[in-house]
Every structure is written in structure tokens, then in C-alpha cells.
Amino acid sequence: LSEKGHEVSVFINDTSVQNFEITANQKIRIIRFNPSRTNSSSFLGHVTNISYEFADIVKEFIGKEGQPGIIEAQEYLGIAYYLLQYKQLLYDWCKDVPVLITMHSPSFLYMEYNHVSQYRYPNYWICEMERFCLQAANHIISPSQFMVDELEKRFELRNKSLTIIANPFFAGGFFKPVEEKARPNQIVFYGKLTVQKGAFKLLEYFKNLWDNSLTRPLYLLGGQDIVYHPEGKTMGDIIRTKYKAYIDQGLLLLEDRIEPASVAKRLSKAEVVIIPSCNDNLPYVVFEMMALGKVLLVSKQGGQFEVIEDGKDGFVFDHEQPETFEAQLNKILQLNDDERKMIAQNAVKKVSSVYSLDTIYNQKIEVVNKLINKQKLRSAFPFIRQNSNEHLNIGNTSEGFEKGLLSIVIPYYNMGTYLDETVQSVLATNYSPKEIIIINDGSNEKESLESLNRYRNIAGIKVVDSVNKGLARTRNTGAEIANGEYLAFLDADDKIDSTYYSKAIKVLKHYDNVHFVGAWTKYFENSNAVWPTFTPEPPIILFHNTVNSSALVYKRTAFIAGGQNATNMMFQGLEDYESVIALLSKGYAGVVLPEVLFYYRVRHNSMIRAISKNKKLLLYEYISKKYSPIYANFGAEVFNLLNANGAGYELDNPSLDYAVYLKNPLLNKFANKAVAIIKNNPRLKKAALGIYNKMKS
């Protein structure tokens with residue numbers, strides 16, 4: 001891209017820098033940013049935090065320099081999740097910038113093949129972030145058709161703006177053939193030792209071969225410290241234990257990672273390099289070995305099958321037909337020098353032409369230019385899963401109330417101490433037109449009645465007196481008498497940011513399939529924590545609440561039709577959560593603005609604090625029975641989430657690893673920094689694994 005005249009900025013998260021550092025070379029700019037630049041690491045899990053910080057640093061540079069022509073990211077680990085959330089939620093700094101997702105391989109595939117529980121938090125949430133990235137991107141580039149086919153077996157990829165373009169490869173530098181002084185004689189596996197990369201399958205094949213008189217050794221070259229989660233041990237440790245007899249006989253040899261500068265020399269001894277992936281997109285090791293003139297034996301289960309032409313520039317076997325492995329390996333070992341040379345030459349020629357920088361650039365820039373020229377906002381929000389009622393017709397939105405008007409309903413019961421602060425926060429909002437409706441739910445304290453009386457004759461504020469009916473009926477009453485097209489509830493001791501309502505209604509106006517909007521919540525008075533809420537989609541929202549359901553802004557017709565608070569629940573406290581489930585069950589979906597726009601006062605005597613564990617159990621039971629059809633639709637997922645994480649009513653943040661963080665913000669912030677350090681240190685990684693296994697058990 002740089003050589004073709006494009007200016008390129010590459011963002012890399014790096015804990016070693018204080019804020020961010022910029023290095024530039026020609027038209028390439030590297031921006032290293034600390035993933036704890038903001039305080040988000042105190043309330044977001046490690047991976048989710050990096051996604052948030054990536055969006056934040058991009059926003060900062062756009063603010064300084066203007067919008068780029070295009071932003072490219074990957075779906076892996078949801079790095080572009082928050083960037084795409086901001087974009088699809090119509091934030092001005094990014095809504096007009098096309099976002100291209102070039103697929104790596106999503107975690108929900110890696111986890112499946114590596115036998116990692118996808119449902120344990122934060123794994124499931126990371127998978128959800130990846131799925132959203134794929135649905136929300138302006139365009140997807142997949143390096144292989146194989147990966148697209150694998151994705152579509154597991155979830156409905158509704159984003160049809162997709163092109164198959166391989167990754168480019170530049171063979172200069174480390175990957176040039178080394179002159180062979182003698183015929184190579186080693187059988188080599190080169191790559192990460194993981195189940196997904198086919199390590200266990202390969203060793204099964206060789207065990208059978210060794211047990212049936214093969215005397216040729218197998219060399220395993222690559223990282224051995226990947227954790228195999230079912231046993232809580234590294235792959236290297238498992239293999240050394242399980243195949244000790246073959247190691248002792250010299251038939252199996254393990255070597256750790258090879259520095260890039262040493263790869264060509266070390267692999268010069270390889271007679272054949274095996275890439276036995278059980279699932280892969282387009283592994284670069286295939287290109288690297290082709291560029292080195294190596295004879296490859298690759299599995300059919302991955303994008304490598306789309307690169308290698310069997311018998312011409314490499315060889316292919318099929319895991320679904322295990323006998324093909326031995327047959328193809330024997331064929332390679334019986335090649336004469338001229339045949340080997342021809343295959344090597346074909347491999348070098350292909351990788352240097354078909355997958356060259358120029359070839360792939362010409363394919364990719366065509367896609368990029370179309371995106372830049374045809375970028376337009378979506379008419380439907382890209383929820384991860386299609387709701388059968390996503391385009392629900394709720395009638396003429398201007399019928400029976402004033403178009404554009406926002407009605408803010410404040411249920412009020414003996415909250416005189418806080419009312420002024422709450423009302424002033426509403427009056428300070430930049431959205432207009434609006435009306436404030438205070439429903440006096442039978443207040444009987446003198447101070448509270450005096451505070452209320454001050455608002456009885458103020459224009460734009462209506463005070464309605466009622467006998468005490470409880471919060472649910474009070475909210476419903478307010479919704480029924482409201483005059484606005486849009487509706488919001490605000491408890492009489494909470495506050496809102498001055499921009500909240502305008503940002504929420506902007507989204508409600510734009511999307512027919514969005515019926516309510518929430519935001520992140522900041523606690524105050526007896527807490528200063530942040531609750532980073534999340535778009536309430538099944539199955540997670542059925543497992544536990546991910547949204548501050550008392551702080552939502554609605555299309556009023558949707559609330560009246562599907563979200564009125566239940567008035568017959570045996571205990572108060574979860575009426576607003578029940579309302580969200582009711583809305584979703586009827587096809588009224590909602591989203592969350594990923595920033596603090598709502599302020600929740602934490603009082604020692606608040607109603608939510610009075611809900612005991614037993615009451616929560618009964619309320620969850622009530623909700624699940626009342627909305628059994630939607631729970632039935634996602635029964636398997638909810639069941640697995642419960643098994644992996646425990647009781648849902650004790651959770652509120654799917655981005656956290658509760659086994660480690662224990663919902664402690666200070667520990668969470670420390671852990672996010674520690675994870676980055678541990679991942680790059682094999683000794684620390686092994687020690688941390690032992691500690692983690694003890695904590696889980």
C-alpha cells in the first residue's frame with residue numbers, strides 16, 4: 001500500500017508505552033498505544049478493553065487529523081467491536097468511514113477445535129464481539145472460501161458483502177531457499193502445537209506408522225506452551241508424557257520456536273513439511289515453506305487446500321479419509337531428485353506470482369475503492385442474530401402523540417432530597433422538544449411534598465398525583481399519559497448526561513429495527529464504579545441482565561405494545577428487566593451507546609438492595625415461565641452459559657473472567673496489565689496456568 005502511494009497508519013497495542021508513540025517510515029506510520037490509556041481496564045475484561053481502547057485511539061487521531069479513507073481491522077478477538085458499535089450507532093467521528101474486516105479466524109472456531117469452553121466468560125462474550133464484527137462490517141475479505149463455509153455452518157452470516165482474496169506474501173528477507181548440500185532427510189511439522197493445527201491427529205498417524213515398522217523420526221518445531229484446556233496443561237507437556245516411549249526411541253523430537261532469521265537454515269534439512277490443520281483459514285506457514293522450496297503435505301481442512309495443487313506444487317491429504325495421509329507421505333518420500341526439484345520450483349513460482357504483493361494489491365484495491373466511493377449508512381442495525389420480527393410494523397409513529405417529542409417520566413415517592421438534581425439534569429439536556437411528567441406515587445413526607453409543589457406550575461413539567469401503586473404501575477401510568485413519540489423513565493434520584501437523549505433518539509429515528517436505547521452507567525454517592533452495559537441480545541440477556549433497564553429511551557409505541565412493566569410480580573425490583581425480556585420476546589430489539597451517559601445514585605436503602613437471593617430466584621423463575629417461547633429458542637445456549645458460569649443473577653458483565661477478577665475493579669485493572677506481560681513470558685505463563693487451575697477447582 002505504501003509503495004503504491006497510500007498513506008498507512010498501523011495501530012498496535014503495547015503496554016510498554018505510557019500513552020502512545022509514533023514512528024514513521026516513508027508513508028507508513030506505526031502508532032503504539034497503551035491499552036490502559038483510559039480507565040476502561042477497571043471495568044472491562046482484558047480483550048474487551050483492548051477493543052475499546054483501539055476505538056478510543058482511532059477516535060483521537062480522527063479528531064486531530066480528519067477521517068481516513070478506510071479503516072481495516074480483523075474480526076479475531078473482536079478488536080473492531082467498539083469501533084463498529086460507534087459507527088453503527090451513528091457517532092459522527094466514524095459513521096461515514098467504511099470499515100473493512102479482513103478475516104483471521106474467529107475464536108469461536110479456534111475454541112471449538114482446541115476443545116476450549118466457548119460458554120465460559122469471557123470467552124462467550126469475545127465470540128459475540130467477533131460475530132458482531134462480521135455482521136457489521138461494510139465489507140469482509142476472507143483469505144479462503146473454506147473459512148466462509150465453516151462460519152456459515154455455525155451462525156447466519158447475513159452480511160453478504162464479502163470477497164475471497166488471499167493474504168499477500170513477500171518472500172524477501174528470511175524466506176529464500178538455502179542451498180542444499182545434501183538431500184534433506186527430515187520429516188517436519190512446523191507451527192504451533194495446538195489441536196486446531198492438527199498436532200494430535202498428526203501424532204496419531206505417526207504412532208500407527210511407528211508401531212507398524214516406520215523408523216523415520218518426526219520433528220515437531222514450534223511453540224509448545226499453548227494450553228490444552230481440558231487437561232489444564234501445555235501441549236508440550238502432554239505430548240512429552242503421552243509419547244515418552246517414542247521420544248526415548250528417538251522417533252519423536254520436539255524443538256521450540258525458531259527465530260525468523262533461522263527458519264530457512266533450520267528447514268533446509270526438511271524433506272517434507274507437514275501442515276495437518278484440522279481447521280485453518282490460510283496459514284502463512286504454507287507460503288513460507290513454498291517460498292523456501294519445501295515439499296509440503298497439507299490437509300484438506302483449511303485454506304491451504306485452495307493454495308496447493310496436489311502433485312504439482314505440493315501434496316494434499318484428507319482427515320476424513322485417514323488412509324490418505326500414509327499414502328501421500330509415502331509418495332513424497334519416494335520422489336526422486338528431479339521430481340522434488342520440479343515441485344519446489346512450482347511452489348516458489350506460485351507463491352511469488354499468484355500471492356505476490358502486486359497481485360493481491362490489485363485485487364484488494366478494487367474492493368477498497370468501491371467501499372470508499374459507495375459508503376452509505378445502513379437502514380437496519382446489524383444485530384448478531386436475525387429476529388423474526390426485526391422489521392416489526394408498530395403502526396404510524398405519529399398517530400396519537402406529538403412527533404419528535406420526548407416524554408420523560410419520573411416516578412416519585414418521597415424523594416424530595418434528590419428531585420431538584422434529577423429535574424435539573426433533564427432540563428439541561430440538549431434534546432428538544434421534551435416534556436417532563438412527574439408521577440407522585442402517594443408521597444407522604446412533608447419535605448418531599450414541598451419539593452414536588454415547586455414544579456406544579458412550571459411550563460413543560462406536569463405533576464400527576466396518584467395513590468401509592470408501586471413502581472411498575474407508576475411507570476405504566478406515565479407512559480399512557482405521555483404525549484411524546486419517544487419515552488424515557490428516570491428515577492427521582494438519578495441523573496442523565498446532557499447529550500444522552502439526543503444521541504439515543506438519533507439512533508431511534510434512523511433504524512426501524514431499533515426500539516429502545518440504553519447507555520453505560522456511572523454510579524455516584526456511595527460508589528464511583530462504572531457499569532459497562534451491552535446490547536441486550538439473546539442468549540446472554542436471557543441468562544442475566546446486560547443493560548441498565550431503568551435507564552432506557554424508547555419508541556413509545558413499542559413500550560406500550562410490548563414493554564409495559566408487569567404489575568403482578570411477587571416482589572419489586574426486576575420489573576424493568578422483565579420489561580426488556582418482554583420487548584425482545586415480541587420482536588422489539590434495542591441497543592446500547594458505549595459511553596457513560598446515565599448516573600445511578602447508590603443509596604444504602606434503595607429498593608434493589610432489598611432483593612435477596614431467594615427473591616431473585618423466584619423473579620427469574622417467573623420471567624422464564626412467562627416468556628418460555630424465547631427461552632425455549634435459546635435453551636441450549638442458556639443451559640451451557642449456566643453450566644460454565646454459575647447463576648446468572650450474580651453476573652452483570654460478560655467481558656470479565658469471574659474466576660480471576662472476582663468482580664473486583666482494582667484486581668481487574670491489575671489483571672489486564674498482568675495478562676499482557678504473562679502472555680509473552682513462557683515461565684510466567686506456566687506459573688499462571690497452575691494458579692488459574694487451582695482457582696477454578
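**Two open sheets and a helix crossing**

An open sheet of three strands, in which two strands count as paired if DSSP finds at least two bridges between them, is arranged in the order β1-β3-β2 with mixed pairing. The edges of this sheet are formed by β1 (8–13) and β2 (20–25), each of which pairs on one side only. Neighbouring strands are turned against each other by 20 degrees on average, direction ignored. The structure is a predicted model, in which local features need pLDDT of at least 70 and side-chain atom pairs count only at pLDDT 80 or more, while totals for chains, interfaces and linings use all residues. Residues are numbered from 1 along each chain as its sequence is written, and side-chain values use heavy atoms, with hydrogens and water left out. Strands (E, at least two residues) and helices (H or I, at least four) are DSSP runs numbered from the N terminus.

Within the three-stranded sheet, β2 and β3 (residues 28–33) run antiparallel and are joined by six bridges, and E21 stands opposite R32 in β3. Helix α1 (residues 46–65) lies across β1, β2 and β3 and runs at about 130 degrees to β3; here axes are lines fitted to C-alpha atoms, for helices over the stretch in contact, and angles run from 0 to 180 degrees between N-to-C directions.

A second open sheet is built from four strands in the order β4-β5-β6-β7, with parallel pairing. Because β4 (71–73) and β7 (162–164) stand at the edges with a single partner strand each, one side of each is left without a neighbour in the sheet. From one strand to the next, the twist averages 20 degrees. Strand β6 (residues 139–142) pairs with β7 in the parallel sense over three bridges, and I141 is found opposite T163 in β7.

Helix α16 (residues 471–481) and helix α19 (residues 556–563) have axes that come within 10 Å and cross at roughly 135 degrees. The two helices, α16 and α19, are therefore oblique to each other, given that angles under 35 degrees count as roughly parallel, over 145 as roughly antiparallel, 65 to 115 as roughly perpendicular and the rest as oblique. The contact (heavy atoms within 4.5 Å) is made by N476, A479 and E480 of α16 together with R556, F559 and I560 of α19. The residues of this contact divide into three nonpolar, one polar and two charged, where Ala, Val, Leu, Ile, Met, Phe, Trp, Tyr, Cys and Pro count as nonpolar, Asp, Glu, Lys and Arg as charged, and the others, Gly among them, as polar.
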